[in-house]
Amino acid sequence: MPGFLSVVLLLYVIALHCSIASMETLAWLLVVAGLIDQVLRKQIPKFPLLYPMLALIVCVAISLWLNPPLKPFMAQFGFMRWVIVYWGLVWALERVWDGKFENRLIKVWAATCAALAVLALIQWASGIDLRFGRHGTLEREGSVYRAS
C-alpha cells in the first residue's frame, strides 16, 4: 500500500498544477487509500487538529446560516471538504515520507514546473494553445499572447 500511496501523491502534485478535476479525484483517492491502509494495518485513524477543524466547520456553518445565501447552504458548505482531504494527505504522507520519497517528490515537482513553464513560453510567444480540447490562438496583447 505505501507504493500505491506514493504514486498517487506524486500524481496529485502534478495534478495540482494541471487539472482541477484530476486534483479532486486524486485527493479523494488518497483519503480512501489512506483509510484502507490504516484499516489493513489495524490502526485507529488519527485526525490531526480535530478540535480546531471541527470548530472551524461549526463557525462556517453558523456564518452560512446567519448570512444571506449567495448559493444554497450545502453548495457553499461543500467547500469545507478540504478538511477531509487534509486528513487524507496527512495519513498518506505519514505512511510514505522518507528521504527516497522526498527526492522523487522534488524531481517530479521540478519536472512538472519546468514543463509548464515551457508550455507557457510557447503560448506566450506563438499564441498556440497545446492543451487538449483547445483549438485556435490565444488572446493577443500587443506583440505577445496571453498564456493560459
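Let's start with one residue. Ser6 is buried, at a relative accessible area of 5%. The cut-off for buried is under 20%, so Ser6 qualifies. Keep in mind that this is a predicted model.

Where is Ser6? In helix H1. What does Ser6 touch, once neighbours within four places in sequence are set aside? Three residues: Val96, Phe101 and Arg104. Two of those names, Phe101 and Arg104, come back in a moment, when H1 meets H6.

First, the whole chain. There are six helices and two strands. In sequence order the pattern reads α-α-α-α-α-α-β-β. The radius of gyration is 20 Å, and the globule rule gives 15 Å for 148 residues, so the chain is more spread out than a compact globule. Along the principal axes, the C-alpha trace spans about 55 × 50 × 25 Å.

How much of the chain is buried? Of the 148 residues, 24% count as buried. Now contacts. Take those with a separation of 6 or more: 56% of them join residues 24 or more positions apart.

Back to H1, and its contact with H6. H6 covers residues 99-126. The axes of H1 and H6 come within 10 Å and cross at roughly 25°. An angle under 35 degrees counts as roughly parallel, so H1 is roughly parallel to H6. The crossing is right-handed.

Who makes that contact? From H1, we have Ser6, Leu9, Leu10, Val13, Ile14, His17 and Cys18. From H6, we have Phe101, Arg104, Leu105, Val108, Trp109, Thr112, Cys113 and Leu116. So Ser6, our opening residue, is part of this contact. By class, the contact of H1 with H6 has 11 nonpolar residues, three polar and one charged.

Next, H1 against H2. H1 runs over residues 2-18. H2 runs over residues 20-40. Their axes come within 8 Å and cross at roughly 160°. Over 145 counts as roughly antiparallel, so that is what H1 is to H2. This crossing is left-handed.

On the H1 side, the contact is made by Phe4, Leu5, Val8, Leu9, Leu11, Tyr12, Ala15, Leu16 and Cys18. On the H2 side, look for Ile20, Ser22, Met23, Leu26, Ala27, Leu29, Leu30, Ala33, Gly34 and Asp37. The split is 16 nonpolar, two polar and one charged.

Third pair: H2 and H5. H5 is residues 82-96. The two axes come within 8 Å and cross at roughly 55°. That angle makes H2 oblique to H5. The crossing is left-handed.

H2 contributes Ala27, Trp28, Leu30, Val31, Gly34, Leu35, Asp37 and Gln38. H5 contributes Ile84, Val85, Gly88, Leu89, Trp91, Ala92 and Arg95. Here we get 10 nonpolar, three polar and two charged.

One residue to pick out of H2 is Leu30. Buried or exposed? Leu30 is buried, with a relative accessible area of 1%. Leu30 appears in the contact of H2 with H1, and in the contact of H2 with H5. Its own partners beyond four places in sequence fit that picture. They are Leu5, Val8, Leu9, Tyr12, Gly88, Leu89 and Ala92. One distance for orientation: the C-alpha atoms of Leu30 and Ile44 are separated by 17 Å, and the two residues are 14 apart along the chain.

Last stop, the loop after H2. Lys42 is found there, between H2 and helix H3, which is 50-66. Lys42 is exposed, with a relative accessible area of 76%. What is notable about its backbone? Phi of Lys42 is positive, about 55°, although Lys42 is not a glycine.

Leu49 sits in the loop between H2 and H3 as well. Phi of Leu49 is near 55°, again a positive value in a residue other than glycine. Why flag these? Because most residues other than glycine have a negative phi.

To recap the three pairs. H1 is roughly parallel to H6. H1 is roughly antiparallel to H2. H2 is oblique to H5. Leu30 is buried, and so is Ser6. Lys42 is exposed. That's it from me.

Definitions and conventions: Residues numbered from 1 in each chain as written. Predicted model: local features only at pLDDT ≥ 70, side-chain atom pairs only at ≥ 80, totals over all residues. Heavy atoms only, no water. Axes fitted to C-alpha atoms, helices over the stretch in contact; angles between N-to-C directions. Helix = DSSP H or I, 4+ residues; strand = E, 2+ residues; numbered from the N terminus. Parallel < 35°, antiparallel > 145°, perpendicular 65-115°, else oblique. Left-handed = near helix turned anticlockwise from the far one by under 90°. Contact = heavy atoms within 4.5 Å. Nonpolar A, V, L, I, M, F, W, Y, C, P; charged D, E, K, R; others polar. Rg over C-alpha atoms; globule rule 2.2 N^0.38 Å. Buried < 20%, exposed > 50% of the residue type's maximum accessible area, 1.4 Å probe, protein only.
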